Amino acid sequence: MDEKLIQRLESAVIRLEALSVGGGASVGDGVAAAALDPSIIAFDDLRSQFVGRVLGAAEKIGGQVLDVTKIVEEAFEAQRELLIKIKETQKPSMSGLPEFLKPLNDVILKATKMTEGWRLDFFNHLKAAVDSLIALAWIAYTGKDCGMSMPIAHVEESWQMAEFYNNKVLVEFRNKDPNHIEWAKALKELYLPGLWDYVKSHYPLGPVWSATGKVAVSAPSKAPLPTSRPMPPPLPPASLFSSGSFQASSSRPKKGMAAVFDEINSGKPVTTGLRKVTDDMKTKNRADRTGVISAGEKEGRLSSPSFSKAGPPKLELQMGRKWMVENQIGRKNLVIDDCDAKQSVYIFGCKDSVLQIQGKVNNITIDKCTKMGVVFTDVVAACEVVNCNGVEMQCQGSAPTISVDNTTGCQLYLGKDSSETSITTAKSSEINVLVPGAGPDSDWGEHALPQQFSHVYKNGQFVTTSVSHSGG
């Protein structure tokens with residue numbers, strides 16, 4: 001029987017069971033009616049199709065991977081129950097919302113505990129699954145002042161955090177165990193496009209609460225019991241839906257310069273709390289501050305690994321389409337080995353590093369890099385070098401087009417399969433192309449591309465030729 005037909009039959013059975021549980025009571029009728037709502041039916045289809053695939057792949061692996069996947073299934077079941085309650089409940093206050101969402105939060109906290117302690121055998125699997133559950137917090141969106149992104153954006157941003165560990169699973173078990181690859185791909189499809197499409201279709205502006213339903217009951221505040229010796233209360237676990245996360249931006253304490261101006265306008269003396277600087281505290285009178293930097297200290301500063309002022313180093317795949325390699329400094333072992341012909345590679349702001357691209361990609365762009373080396377196999381469209389200085393590129397396969405723009409110093413190594421590559425240059429200098437010799441033991445031939453041109457007006461038009469210099 002067709003797999004899709006089986007999934008639809010399973011979702012139909014789930015809805016019939018929900019209807020039978022309703023019985024004849026009025027509350028049961030409301031639950032049964034909510035279970036037959038199109039949005040709930042679509043969520044059941046999401047669970048049977050996507051969650052079922054992840055669980056099926058986890059059963060082939062077993063162990064901790066299966067345990068954390070069952071918690072993922074439990075979290076989606078908890079969200080389904082909340083979606084049904086939302087349809088028959090009025091919107092709670094900001095203080096009552098965490099209590100309403102407590103069942104889902106408890107499941108996520110249970111999953112989080114699986115990643116605590118010593119590093120585990122399937123740590124990347126556990127982190128990918130646990131971090132992905134943050135996407136289910138879209139249900140807590142109450143408006144633009146709640147401190148969260150829109151539901152669709154929240155799902156996408158949450159998966160980007162989990163994708164870091166999910167990609168590690170794909171790299172670790174590539175060509176080793178297809179069950180782990182199947183599990184990682186199924187987990188991604190659960191959120192993108194699974195949950196993302198569902199939220200976009202049914203709740204793009206957040207959950208729709210009932211206007212005439214019952215009022216959500218907030219948790220009563222418990223008064224402390226008198227004891228002979230006061231004991232400090234235990235620290236509660238961090239809640240994903242704590243009331244602090246829904247605090248409006250206008251009510252949060254001000255930071256930065258806003259706090260400085262508030263302090264100035266408060267009427268207090270500006271110098272309150274400042275200590276007087278005595279003579280022995282001044283730099284010119286301190287013996288440990290000679291102002292001379294030793295050679296060892298200077299060498300240590302220069303040899304220490306540095307980071308780009310533009311931002312932190314980055315090597316990640318975004319939205320399954322574009323590899324971002326940014327701000328890598330002094331890294332000689334960068335590798336991209338899980339790529340396909342539909343993906344592109346963008347290298348920006350790297351210095352004194354080497355990147356290997358092991359596979360066919362659509363295009364490669366190197367932008368604002370210095371002393372950067374790139375080794376790639378095949379490129380479908382083109383390879384571009386822009387605003388660089390001292391770049392080396394080696395093509396081991398084929399590349400239809402290589403363009404060099406506004407670059408000083410570019411060394412190109414072309415393989416036998418890339419002998420027909422078209423090279424375009426503009427506003428660039430010191431470009432050398434090395435091609436293999438005719439025989440297997442022949443040396444590489446080096447060719448310098450011209451950077452000076454002569455323009456002569458003939459027969460009503462300019463004729464441009466490159467300028468060559470003789471060695472005599």
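In which sense do strand S4 and S6 pair, parallel or antiparallel, and over how many bridges? Let me start there, while noting that what we have in front of us is a predicted model. Strand S4, covering residues 344-348, pairs with S6 in the parallel sense, and the pairing runs over 5 bridges. Within that pairing, tyrosine 346 stands opposite threonine 365 in S6.

These two strands belong to an open sheet of 7 strands, whose order is S1-S2-S4-S6-S8-S10-S12 and whose pairing is mixed. The edges of that sheet are taken by S1 and by strand S12, residues 422-426, and since each of them has a single partner strand, one side of each is left without a neighbour in the sheet. From one strand to the next, the twist in this sheet averages 10°.

At the S1 end of the order, the pairing sense is antiparallel: S1 and strand S2, which spans residues 322-326, are joined in that way over 5 bridges. One of the partnerships there is that of glutamine 318, whose bridge partner in S2 is lysine 322. The hairpin that S1 and S2 make has 3 residues between the strands, and in this hairpin methionine 319 takes a positive phi near 55°.

Let me turn to the other sheet on my list. This is also an open sheet of 7 strands with mixed pairing, and its order reads S3-S5-S7-S9-S11-S13-S14. Strand S3, residues 334-336, and strand S14, residues 445-448, stand at its edges, each with a single partner strand, so that on one side each of them lacks a neighbour in the sheet. The twist here averages 15° from one strand to the next. Inside this order, strand S9, residues 389-395, and strand S11, residues 408-414, pair in the parallel sense over 6 bridges, and methionine 393 has leucine 412 as its bridge partner in S11.

Two further residues deserve a careful look for their backbone angles. Lysine 368, found in the loop between strand S6 (363-367) and strand S7 (370-379), has a phi near 55°, a positive value in a residue other than glycine. Is the other one, asparagine 459, buried or exposed? Asparagine 459 sits in the loop between strand S15 (453-458) and strand S16 (461-466), and its phi is near 50°, again a positive value in a residue other than glycine. With a relative accessible area of 84%, asparagine 459 is exposed, whereas lysine 368, at 49% relative accessibility, counts as partly exposed, because the cut-off for exposed is over 50%.

Now to the helices, beginning with H8. Helix H8 runs over residues 151-172, and its 22 residues reach 32 Å from the first C-alpha to the last, which is close to the 32 Å expected at 1.5 Å a residue. Nevertheless, H8 bends by about 40° at glutamate 163. Glutamate 163 is also among the buried residues of this helix, which include Trp159, Ala162, Tyr165 and Leu170 as well. The cover over the buried residues of H8 includes helix H7 (123-132), H9 and strand S1 (314-318), the last of which we met at a sheet edge.

Helix H9, residues 178-202, contains proline 193, and a cis peptide bond joins leucine 192 to that proline, with omega at about 20°. Alanine 186 lies in helix H9 too, and where does its surroundings take us along the chain? Leaving aside residues up to four places away in sequence, alanine 186 touches Arg53 and Val54. Its C-alpha is separated by 7.0 Å from that of phenylalanine 50, although the two are 136 residues apart along the chain. At 2% relative accessibility, alanine 186 counts as buried.

Valine 54 leads us to the last residue, glutamate 73, since glutamate 73 and valine 54 are 9.0 Å apart in space, C-alpha to C-alpha, and 19 residues apart in sequence. Glutamate 73 has its place in helix H4, residues 63-86, and, with residues up to four places away in sequence not counted, it touches Val51 and Leu55. Its relative accessible area of 35% makes glutamate 73 partly exposed, in contrast to the buried alanine 186.

How values were computed: Residues numbered from 1 in each chain as written. Predicted model: local features only at pLDDT ≥ 70, side-chain atom pairs only at ≥ 80, totals over all residues. Heavy atoms only, no water. Helix = DSSP H or I, 4+ residues; strand = E, 2+ residues; numbered from the N terminus. Buried < 20%, exposed > 50% of the residue type's maximum accessible area, 1.4 Å probe, protein only. Expected span 1.5 Å × (residues − 1). Bend = angle between axes of the 7 residues up to and from the residue. Contact = heavy atoms within 4.5 Å. Pairing = 2+ DSSP bridges. Axes fitted to C-alpha atoms, helices over the stretch in contact; angles between N-to-C directions.
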